[in-house]
Amino acid sequence: MANQHFQIAIIGAGPAGMAAALTTTKAGLETIVIDDQKGSGGQVYRNLLANQEASPAYLGKSYYDGTELAQSFANCGAVYQPDCTVWQITNTHEIALVSRGKAELITADYIIIATGAIERPMPVKGWTLPGVMSVGGAQTLLKQAALGADDAVFVGSGPLLYLTAWQYIKAGLAVRAVIDITGGKQWRSAIPYAPLALLQPDMLVMGREWLGDIRRNTEVITKVSAIEIIGQSQAQGVSCTLSSGDKIDIDANHIFLHQGVVPNVNLTMATGLAHQWDHQAHCWRPVIDVTGKSSDEQIYIAGDGGGIGGAKAAAIAGRLAASAIVARCGKPRFLAQLYYKLRHLHYLSIRPFLDRLYLPSADFRLAQTDETIICRCEAVSKAGVNAALASGASGPNQLKAFCRAGMGRCQGRGCGLVVQEMIASHTGQSMAETGYYRLRPPVKPITLAALASLEGPWPD
Amino acid sequence: MTEIIKSNFDAIIAGGGLIGLSIGYGLSRRGLSVLLLDAEDTALRAARGNFGLVWVQGKGAYFPPYADWTMRSSELWPKLAGELLETGGPALGLHQEGGLSICLSEAEMQQRYEKLDHLRAHQNGRFQFEMLDRSALKEIMPGIGPKVVGAAYCPHDGHVNPLYLMRALQTGLTRHGGVCLTNAAVRRIDKKGNSIRVGTAKGDFECQRIVLAAGLANAELAPMVGLQQSLKPQKGQIIVTEKLDQQMALPSLLLRQTDEGGLMIGDSHEDTGFETSVRPDIVSGIADRALATLPALADVGVVRSWAALRVMSKDGYPIYDQSEAMPGAFAISCHSGVTLSAAHAFDLAGYIAEAGLGQELDGFSQRRFNV
Amino acid sequence: MFKSTMPEKGRIVHLQFDGEAITAFDGDNLAAALLRSGKVKFRTAAKNDPRGPYCMMGVCFECLVKIDGRPNQQACQITVHDGMIVQRQNAPDSAGKVSG
């Protein structure tokens, strides 16, 4: 594959990447899809093809809805490269990859970045203990390995949490409790946008089904003001403080946290593309036009990586970006593009409501106790970050320099938004003004041997 | 955020990198009121790209004043580290137990030897070094690869954590009453009666002394005070690995292990203007050389990389100048901000605070380029 | 304890985790196989800082283990193979003694 050239390189094989490949291959463009996972589907459709045989019902309709897409992708004729990580996109559009310890450069006329989302960090005391996982992590175990934990406690808010707890219940697992941090404040700010949400009644019906089954099958705790996870060598329980001041302690060895998803901007930021602070969704997103074109003429961004919209919106965004590229390659698809744009708008109509309803309060976006770990990789606590702020760190990069938060392997995915908000609170600057860590390649760690294995010729 | 309650200072420093912070710290500890003006968090910031060596070997081999100045700073470093310990931040990790310049060919060994021998000659015994052949080097670094021919060992060399140094200097500066403002790059400097007036996006300030320590931006600021600093960016790329058990007893010019355990590996010298992109071919070459040096590092993961722009004068040596047109104005630039931090904090700050740059620093004036 | 939500089937594969025999199925994700065996602690980030898998998608770097002598492997990104020797990775993260 080394030094090969493709007309289109798609990074990511979730719904956006897969759908984009369908459009580009249909138009006859040489397409490669690079996927850092072992099989297509990204996160939302993880293991979808392998699950066709047994088709466990508990995974739900929203999961199996992706079947046709996954099957079509498998047959579309794109070069599919799984188990392959992109660690850099240079400013001359070379894509630096590593697969099985060997690094290579490929080039493409157009690149579609479809690397999806990650979960918003949820720093609570004790969250680094073994047995604590993100809800997404728990869901992946269910999809990929048919594994679930009995008597788990789900903590947080957001559709992914309710879906996963529902899947657990449907799989016959005993869910100990769901601690829902969604509050009255969130409802009040979201309600004016409910009419737009009515444009997607199927989503609302599905959500209502999840919430109903959860209420009937487990203890739901609301009006929560603080959470703490207890344990020494592993999670032993959750201690929950209610707004009334009362405390509820629940024994649990498996605790799943979730407070929303945000675009995974590491590759797009390291590539130097323009980003903006999304005030409504309280996260960073790349600056893209309606077709997904970034600040770089050759690079498009599709799916949750360009702004959270969910699986269906992601697939349409993949189609939209791909058809814009296909048009630029001399095969305009005006009607198709118009159709995709309208569908995309439709799928995004529920976002103003959902984004507001499930935006966690500052109490949960930020850590509540000094000992809470903020940067997991470097084990920097809230107190450590505050000490760096007291030393005069006034921006994320200076703060990183002063206390190492953000210097670990995850490159800020687990702490960046929290650190940014701590700095903004301290300095009085807005989130947009505060900025973010300056991200650089390698976007994921690469061994020295793999790096050294990169061969020329080098472009000028 | 400290509210500025005054607008008049004994000294204003333009630039919050290693030079500005070192001089600012040095002035504030002498009792001067100091305002340090820094640009944005994402400005070029050579200091944040620094490798962290407190390096003596080779410096000023062909320019004795630089060799003297470097040696002086190296000797003052323990005093700086001791004082900064009191600021209570993370340990600076200063180690001055010697350093190595590892050679992968006989030609490199020869070149290195000639340079250091020349340096030794004009230093009257002050500068020591030893060329280690492969077997001697193997005793210090048992894991060296078959391509390693030997190294130049210098007992004066060392390393430190440059980012924690900056944190400590900043804390020290504020503890002594200094004020630091960010997003306040200097835009304008002129005389106002007996004072110097400095204009920034955050307002105007007055001072008796202005020290330009803004790195590459000094080229633009110097004329405002009647000086000139011809500076060019020279790009260098560095990669950093995940943490390892202690591997390296001594730092080397291109490979050092931090106290936290990560390996810092460099480097490059590129002439590509003001851009700071990381190039896969360059970092691949850096990785290659690291593996030739210590082959067992093959499976170690690189977690970060960066490119920074060295602040280079025409001959690579510092430029220290004071203005005649605007008395009290100084322009300071160099690319060895870590090594010279101690000399800057003590000696240079002393000159700036008192009578002006002494004879010792005459040779560093920009005037040397006008011959 | 994690347990299977579907009938378990497939070729049995044997691995070791810190010297203890672990049974898995051909094609299993390593992190999943260890969790199924009741292992939640995969490493320590510092003396009293035990860690285990968190995101299961390769972005958190918490599930690092040593596999067949190679450290810093993300267990959630790896498929088991018969005879795999897995060890907990204890701080400081180590690539083995390079100088030895």
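The C-alpha centres of domain 1 and domain 3 of chain A sit 30 Å apart. Six residues of domain 1 of chain A and five residues of domain 3 of chain A make the contact, where contact means C-beta atoms, placed from the backbone, within 7 Å. On the side of domain 1 of chain A that touches domain 3 of chain A there are four nonpolar residues, two polar and no charged. For these classes, Ala, Val, Leu, Ile, Met, Phe, Trp, Tyr, Cys and Pro count as nonpolar, Asp, Glu, Lys and Arg as charged, and the others, Gly among them, as polar. As for bounds, chain A is split into domain 1 (5–118 + 262–332), domain 2 (123–259) and domain 3 (367–434); such bounds come from an automatic or database domain assignment.

A word on the model: it is predicted, so local features need pLDDT of at least 70 and side-chain atom pairs count only at pLDDT 80 or more, while totals for chains, interfaces and linings use all residues. Residues are numbered from 1 along each chain as its sequence is written, and chains are lettered from A and ligands numbered from 1 in the order in which they are written.

**Where chain A meets chain C**

Here 37 residues of chain A are in contact with 30 residues of chain C. On chain A's side, β8 (132–134), α4 (135–145) and β9 (147–149) each put in at least two residues, and α4(A) gives the most, with seven residues. Helices (H or I, at least four residues) and strands (E, at least two) are DSSP runs, numbered from the N terminus. By class, chain A's side of this contact has 18 nonpolar, 13 polar and six charged residues. There is strand pairing across the chains too: β9(A) and strand β1 (residues 2–4) of chain C run antiparallel and are joined by three bridges. Pairing takes at least two DSSP bridges between two strands. One of the partners is easy to pick out, with A:Leu147 bridged to C:Ser4 in β1(C).

**Sheets and a hairpin**

A five-stranded open sheet also mixes chains, in the order β23(A)-β15(B)-β12(B)-β14(B)-β13(B), with antiparallel pairing. Its edges are β23 (446–447) of chain A and β13 (255–257) of chain B; each has a single partner strand, so one side of each is left without a neighbour in the sheet. Inside the sheet, strand β12 (residues 232–243) of chain B runs antiparallel to strand β14 (residues 262–265) of chain B, with three bridges between them, and B:Ile239 has B:Ile265 as its bridge partner in β14(B). Helix α7 (residues 280–293) of chain B lies across β12, β13, β14 and β15 (301–312) of chain B, at about 55 degrees to β12(B). That angle is between N-to-C directions, on a scale from 0 to 180 degrees, with axes fitted to C-alpha atoms, for helices over the stretch in contact.

Chain B has another open sheet, three strands in the order β4-β6-β5 and again antiparallel. Its edge strands, β4 (99–103) and β5 (130–133), pair on one side only, and the twist averages 25 degrees from one strand to the next. β4(B) pairs with strand β6 (residues 150–154) of chain B over five bridges, including B:Ser101 with B:Ala152.

Back in chain A, strand β18 (residues 275–278) and β19(A) run antiparallel, joined by four bridges, and A:Gln276 stands opposite A:Arg285. Their hairpin has four residues between the strands, and there A:His282 takes a positive phi near 55 degrees. On strand β19 (residues 283–286) of chain A, A:Cys283 and A:Arg285 point one way and A:Trp284 and A:Pro286 the other, and all are buried. Buried means 20 or more other C-beta atoms within 10 Å of a residue's own, with C-beta atoms placed from the backbone; 12 or fewer is exposed, and in between is partly exposed.

**Backbone oddities**

Most residues other than glycine have a negative phi, and most peptide bonds are trans. Two arginines go against the phi habit:

| Residue | Phi | Loop |
|---|---|---|
| A:Arg404 | positive, about 80 degrees | between α15 (396–403) and α16 (416–427) of chain A |
| B:Arg45 | positive, about 50 degrees | between β2 (34–37) and β3 (53–54) of chain B |

A:Arg404 is buried, with 22 C-beta neighbours inside 10 Å, and B:Arg45 is buried with 25 other C-beta atoms within 10 Å.

The cis bonds come next. From A:Pro441 to A:Pro442 the peptide bond is cis, with omega near 0 degrees, and A:Pro442 is in the loop between α17 (431–434) and β23 of chain A. From B:Gly266 to B:Asp267 the bond is cis as well, with omega near -10 degrees; B:Asp267 is in the loop between β14 and α7 of chain B.

Key. Two residues are in contact if their C-beta atoms, placed from the backbone, lie within 7 Å.
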